[in-house]
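Visitor: I'm new to reading protein structures. Could you walk me through one, feature by feature?

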Amino acid sequence: MSFDKCKDVWVFIECFQGEPKSVGFKVGAVIHPIAMSYEEKELIRSMNTTESKVYFAPTFFYKTDYEQRILAVMDQIPSLKGVVMLDYARERKSNLPSLAEIINAYPPLPKEECAHELTGQDITLILCTSGTTGGTKGVLLSHDNIRYSEETFNRELELDENDIMFMPAPLNHATGFHHGVIAPMLLGAKLVLQQKYRCHEAIALMNREKCTYSMGATPFIYDILRELENSGGELPYLKFYLCGGAPVPGYMVQKAWKFKILLCEVYGSTESVPHVFVRPKEALALNGTTSGRPMGAIEVKVIDDEGNEVPTGTPGEEVSRGPNVFLGYLKARNITDGVLDDDGWFHSGDLCVMDENRNIRIIGRKKDMIVRGGENLNSNEINDNLEGCPGVGEHTIIGMTDDRLGERICAFIVPAKGGEGMVLEDVLAYLKGRGVPKRFWPERLELIDRIPHTGSGKVKKYLLQEELKKRMEAEKRV
């Protein structure tokens, strides 16, 4: 398998929810769904890295002119051969072709021209993920990866064609793409999507469509339960909600059960698509004490720094192996070799403890990552954006515990001369001026006299976590 080049990559803006993704699979193309929040620099970088040949997007969606955006960058993407606009929301202003025009102008290809010599191990999907090893990476997934993961997922959750999934997560994420799009498709089941997530409307939508299950990051179920508590209502058809991105506390499990919803934690990553979960029948008994156990033939073990498996109950790194595990990172052999060993084990960088029933409990991360609303954000990359900000001396970024999002972004800063009175708005104005995407902006600023370091120069982030906790507790007492 070569990680140096993927051919015939089709790029899709995430907010588009329709047929072309299926067409991409059928013609043997590699699909690369991207976030609707991508700005011009991110779009250029992503499409040039994947050497994308075809681009699909709506003309306009929620304050963003995607037609103008692709027109502005087309000449900077040498591999691009075609752009297809979906003009349901707004008519085109350019001469770029629309999907409707293409469908009406060309008859279906003869069956013999649709045949492709592909195997299950051929790459079919590139999903982006962030890490501590150098920012955004393209995760390469095969037909077999996706199909095994979702067939096993459906079987172990005892889902069938009568179930109806409500998917609030973005479709360019592993959760949205795999468990939202692919899993129901394999069953012939129904998928319900909401163009822009709004909690009150989501509840009404789930009730109208009689959704039987849902899955997403902590903020979605947090908002739903709060809305039900504050405004009344119920979700009588919803049997269970699968929650990933952050540990699920026991009080949340109990709160969900008041509305007869079984809240089940899920664990995994883009590289090893959520492969551990709490079975709905066990959710109340386990009550938020675990992320669950592996599904199907997927193996999970806990190892020490030397790679040796540790005894039950001993903390160590979670590693997984199985047909779901990715093939590697696009054009990043060295990074691939750092996390995917010769025996097929994916090293997650997450610390966990396993019990005698093979249930694991995530207790921390070796990776320097902030998981905000189910999205992995590289704290080192966020920290680099602060360099050069007026009044900022030494600085570092840590995750700040948050009930709704799991974590938020907190910046610790040693003020430089003249920066003693700086506030968060000063930093945000600087980042905005530099064009840093909003999701990488700190949400809290803490000034400190000195940032603690180890003897080798690494930041002692656990001490900053303790300091932040003290300051937040002091605020509550005021």
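Guide: Sure! Let's start with the labels: helices (H or I, at least four residues) and strands (E, at least two) are DSSP runs, numbered from the N terminus. Keep in mind that this is a predicted model.

Visitor: How do I look for empty space, and how many cavities of 30 Å³ or more does the structure hold?

Guide: The general idea is that rolling a probe the size of a water molecule over the atoms shows where empty space is left. Here, there is 1 cavity of 30 Å³ or more. The largest cavity has about 50 Å³ of space in it.

Visitor: Which residues line the largest cavity?

Guide: Among them are Val248, Val253, Leu263, Cys264, Glu265 and Val278. Two elements give two or more residues each to the lining: β11 (262-267) and α10 (283-286). The largest share, 3 residues, comes from β11. Sort the lining by class and you get 7 nonpolar, 4 polar and 1 charged residues.

Visitor: β11 is a strand, then. What is the order of the strands in the open sheet of 7?

Guide: First the idea: strands of a sheet pair through backbone hydrogen bonds, either parallel or antiparallel. In this case the order is β8-β7-β9-β10-β11-β12-β13, and the pairing is mixed. β8 (190-193) and β13 (293-294) are the edge strands with a single partner each, so one side of each has no neighbour in the sheet. Now zoom in on β10 (residues 240-244), which runs parallel to β11 and is joined to it by 4 bridges. For a spot to click on, try Cys243, whose bridge partner in β11 is Glu265. You've met Glu265 already, as one of the residues lining the largest cavity.

Visitor: And which helix lies across β9, β10 and β11?

Guide: That's helix α8 (residues 218-231), which runs at about 120° to β9 (213-217).

Visitor: What about two helices against each other? At what angle do α5 and α6 pack?

Guide: Two packed helices are described by the angle between their axes and the distance between the axes. For α5 (residues 143-156) and α6 (residues 174-187), the angle is about 75° and the axes are 9 Å apart. Angles of 65 to 115 degrees count as roughly perpendicular, and α5 and α6 are therefore roughly perpendicular to each other. The contact includes Ile146 and Phe153 of α5, along with Ile182 and Leu186 of α6. By class, this contact has 6 nonpolar, 4 polar and 3 charged residues.

Visitor: Let's go back to strands. Do β19 and β20 run parallel or antiparallel?

Guide: Antiparallel: β19 (residues 369-372) and β20 (residues 375-378) are joined by 4 bridges. Ile370 stands opposite Leu377 in β20. The hairpin has 2 residues between the strands, and Gly373 in it takes a positive phi near 60°.

Visitor: One last sheet, please. Which strands make up the open sheet of 3?

Guide: Its order is β21-β22-β23, again with mixed pairing. β21 (392-402) and β23 (444-447) stand at the edges with one partner strand each, so each has a side without a neighbour in the sheet. On average, neighbouring strands here are turned by 25° against each other, direction ignored. β22 (residues 406-415) pairs with β23 in the parallel sense over 4 bridges, and Cys410 stands opposite Arg444 in β23. Finally, look for helix α14 (residues 461-477), which lies across β21, β22 and β23 and runs at about 70° to β21.

Key: Residues are numbered from 1 along each chain as its sequence is written. This is a predicted model: local features need pLDDT of at least 70, side-chain atom pairs count only at pLDDT 80 or more; totals for chains, interfaces and linings use all residues. Side-chain values use heavy atoms; hydrogens and water are left out. On a 1 Å grid over the protein atoms alone, a cavity is a set of points where a 1.4 Å probe fits but cannot get out, and a pocket is an open set with protein on both sides within 12 Å along at least five of seven lines; lining residues have an atom within 4 Å of a point. Grid points are joined across faces, edges and corners, and a volume is the space filled by probe spheres set on the points. Ala, Val, Leu, Ile, Met, Phe, Trp, Tyr, Cys and Pro count as nonpolar, Asp, Glu, Lys and Arg as charged, and the others, Gly among them, as polar. Axes are lines fitted to C-alpha atoms, for helices over the stretch in contact, and angles run from 0 to 180 degrees between N-to-C directions. Angles under 35 degrees count as roughly parallel, over 145 as roughly antiparallel, 65 to 115 as roughly perpendicular and the rest as oblique. Contact means heavy atoms within 4.5 Å. Two strands pair if DSSP finds at least two bridges between them.
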